[in-house]
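Thanks for coming. I have one model to go through today, so please look at the sequence and the structure while I talk.

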Amino acid sequence: MKHTLGFNSHSPMKFVGLDTRYKVASGTELVRLHLDGAASPLPSQTAIDTMMELLPHYSNTHSYVHNSAQISTKALAWAHEQVLLFLNASPTVYTSVFTGAGTTAAINRVSRGLAIARPDKKIVLVSSMEHHANDLPHRSHNNEVSYIPLVGEGANRGAIDLDAYRSLLEQYSGSVNYVAVSSVSNVTGILNPIDEMTSLAHLHGALILVDGAQSVAHRITNLDRQDVDFFIFSGHKVYTPSSPGVLVAKKEVLTTLNGQDLGGGSVSSVSYFDYELIPSYPDREQSGTPNIIGAVALASVLNQLQHQPMSEVERHSASTMSYLIEELKNLPKITIYGDNSLDRTGAISFNHERIDHGLLAAILNDYYAIAVRNECFCAHPYVSELLKKELWEIDLTDIKEEEHEFYVNRKRGMVRVSISLYNTRADVDRLITALREIEYELDNLEKNYEAQPDGSYEHKEFKIDWKAELKFLT
Ligand SMILES: Cc1ncc(COP(=O)(O)O)c(C=O)c1O
């Protein structure tokens, strides 16, 4: 296949939306600063170019009869190859499967399959810092979930406690079906010791599922070296909106699993009484029409990231993050969650002693056009543990009893800033300047807001005219 489609673009990545401007509450217009990449980073121009280039050929796959079907089928096969190349996963050992709703769909698929395949192993060890997507699926299927503790206490918790993890594996040896852990936390950006966790899991007959949603865009992944059984991520976390989730699994393990979605595309023969799955991957797992355009666009971004190269991406991520941490530490009244002696990547969460997370996030948006995220980031148990001491120590003496819950709700959360490939030290400086000004002007700014029962804050006068931003609505 000729790689003229931008699939093999080796130029530095460009992003869509870096010049997006919004009106702010003071009446002027500012360029939006996007610090919310841990939720979904800005789209890469490569993803958009690839989509536009493939769309004229768009066709369903699984056919070689007409030209467009051939092109789409070949492009999708190329996308599967690129995923494995990007993750340093040998195609003789691993296969990649494109799934529906991001990481969530793939984790549910694996958790269902493993429960059916290994019914005698009821225990699942889940880390205590997981996104709900890598926690709730494992609580189903009659599993018994045991949570792996983290090192440290309170707001200073770190990564997985390897000694506690080893003890759990010894305690349940032979009964642990699998271990579920994220390579990087979506709350604190803390990295887990995946290599050690994998060898220990295997030593005790357990499999390991790694949620790579927060690491894949920032860190080199080497599945051949790490030997993990399942590695899962979402295309939208890697600069490719409208792309699928990705499950990368060892073929020898996947072969033992039932429970995938069934339908056309994954079967070689079907009668009214029986059916046979295609023996080869990825077809065996890929029932239904996949998100062809999204998968190919994602592959083109992964291809480009490899040539960036990823070692440079890692360096950028690490140095911008440590600059952010150092600058935040210099601000008074800020608590950064997680052990500050550890390396972090992608995201970091904090609170200001005097400003509720909902108010701070709203002011950053409304007056500075800075996009951050707040609340509990779909990781409620972890966030609650990090906040426990602060919530416990809230002084409610001057607050009416009927308002206690409302008041505590406003404190239950954090502000999260995430760093993507397009963020620079100048972006960090802009955030820090805004935080200093907000603290100085707080009394004036606060008067403009109304606290809502759900913990959010609404500006009394200013609201974005969202319809005016979207021409297709007119
Ligand atoms: C660590 C982690 N796991 C899983 C998910 C869920 O991803 P998706 O919404 O693409 O299924 C997220 C999303 O924020 C995440 O950060």
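I will take the overall dimensions, then the ligand shell, then three helix pairs, and end with some backbone details.

Keep in mind that this is a predicted model. The protein chain contains 13 helices and 19 strands. Its C-alpha trace spans about 70 × 60 × 45 Å along the principal axes. How does the radius of gyration fit a compact globule? For 474 residues the globule value would be near 23 Å, and the protein chain has 24 Å, so the two agree.

Now the ligand. There are 16 residues around the ligand, and the closest are Gly102, Thr104, Asn186, Ala213 and Ser234. Which helix gives the most to this shell? That is helix H3, residues 102-117, with three residues. By class, the shell has 11 polar residues, four nonpolar and one charged.

Next, the helix packing. Two packed helices are described by the angle between their axes and the distance between the axes. I will give both for each pair.

Helix H8, residues 292-307, comes up twice, and I start with its pairing with helix H1, residues 45-54. The angle between H1 and H8 is about 135°, and the axes are 8 Å apart. The two helices are therefore oblique to each other. Their crossing is right-handed. On the H1 side the contact is made by Thr46, Ala47, Thr50, Met51 and Leu54, and on the H8 side by Ile293, Val296, Ala297, Ser300, Val301 and Gln304. Sorted by class, the H1 and H8 contact has seven nonpolar residues, four polar and no charged ones.

The second partner of H8 is helix H2, residues 67-86. Here the angle is about 40°, again with the axes 8 Å apart. That makes H2 oblique to H8 as well. What is the handedness of the crossing of H2 and H8? The crossing is left-handed. From H2, the contact residues are Ser72, Ala75, Leu76, Trp78, Ala79, Gln82, Val83, Leu85 and Phe86. From H8, they are Ile292, Ala295, Val296, Leu298, Ala299, Leu302, Asn303, Leu305 and Gln306. The class count for H2 with H8 is 14 nonpolar, four polar and no charged residues. Note that Val296 is on the H8 list for H1 and also on the H8 list for H2.

The third pair is H10 and helix H13, the latter covering residues 425-446. They pack at an angle of about 100°, with 11 Å between the axes. H10 and H13 are therefore roughly perpendicular to each other. Leu359, Leu360, Ile363, Leu364 and Tyr368 of H10 meet Ala434, Ile438, Leu445 and Glu446 of H13. This contact has eight nonpolar residues, no polar ones and one charged.

Last, the backbone. Where are the cis peptide bonds I want to point out? One joins Tyr281 and Pro282, with omega about 5°. Pro282 sits in the loop between strand S12, residues 275-277, and H8. Another joins Gln308 and Pro309, with omega about -5°. Pro309 is in the loop between H8 and helix H9, residues 310-329.

One phi value should be mentioned too. Ala369 is a residue other than glycine with a positive phi, near 55°. Its loop lies between helix H10, residues 357-368, and strand S15, residues 370-371.

That is what I have.

Notes: Residues are numbered from 1 along each chain as its sequence is written. This is a predicted model: local features need pLDDT of at least 70, side-chain atom pairs count only at pLDDT 80 or more; totals for chains, interfaces and linings use all residues. A residue is near a molecule or strand if its C-beta atom, placed from the backbone, lies within 6 Å of it. Helices (H or I, at least four residues) and strands (E, at least two) are DSSP runs, numbered from the N terminus. Ala, Val, Leu, Ile, Met, Phe, Trp, Tyr, Cys and Pro count as nonpolar, Asp, Glu, Lys and Arg as charged, and the others, Gly among them, as polar. Axes are lines fitted to C-alpha atoms, for helices over the stretch in contact, and angles run from 0 to 180 degrees between N-to-C directions. Angles under 35 degrees count as roughly parallel, over 145 as roughly antiparallel, 65 to 115 as roughly perpendicular and the rest as oblique. A crossing is left-handed if the near helix is turned anticlockwise from the far one by less than a right angle, and right-handed if clockwise. Two residues are in contact if their C-beta atoms, placed from the backbone, lie within 7 Å. The radius of gyration is taken over C-alpha atoms; the globule rule is 2.2 Å times the number of residues to the power 0.38.
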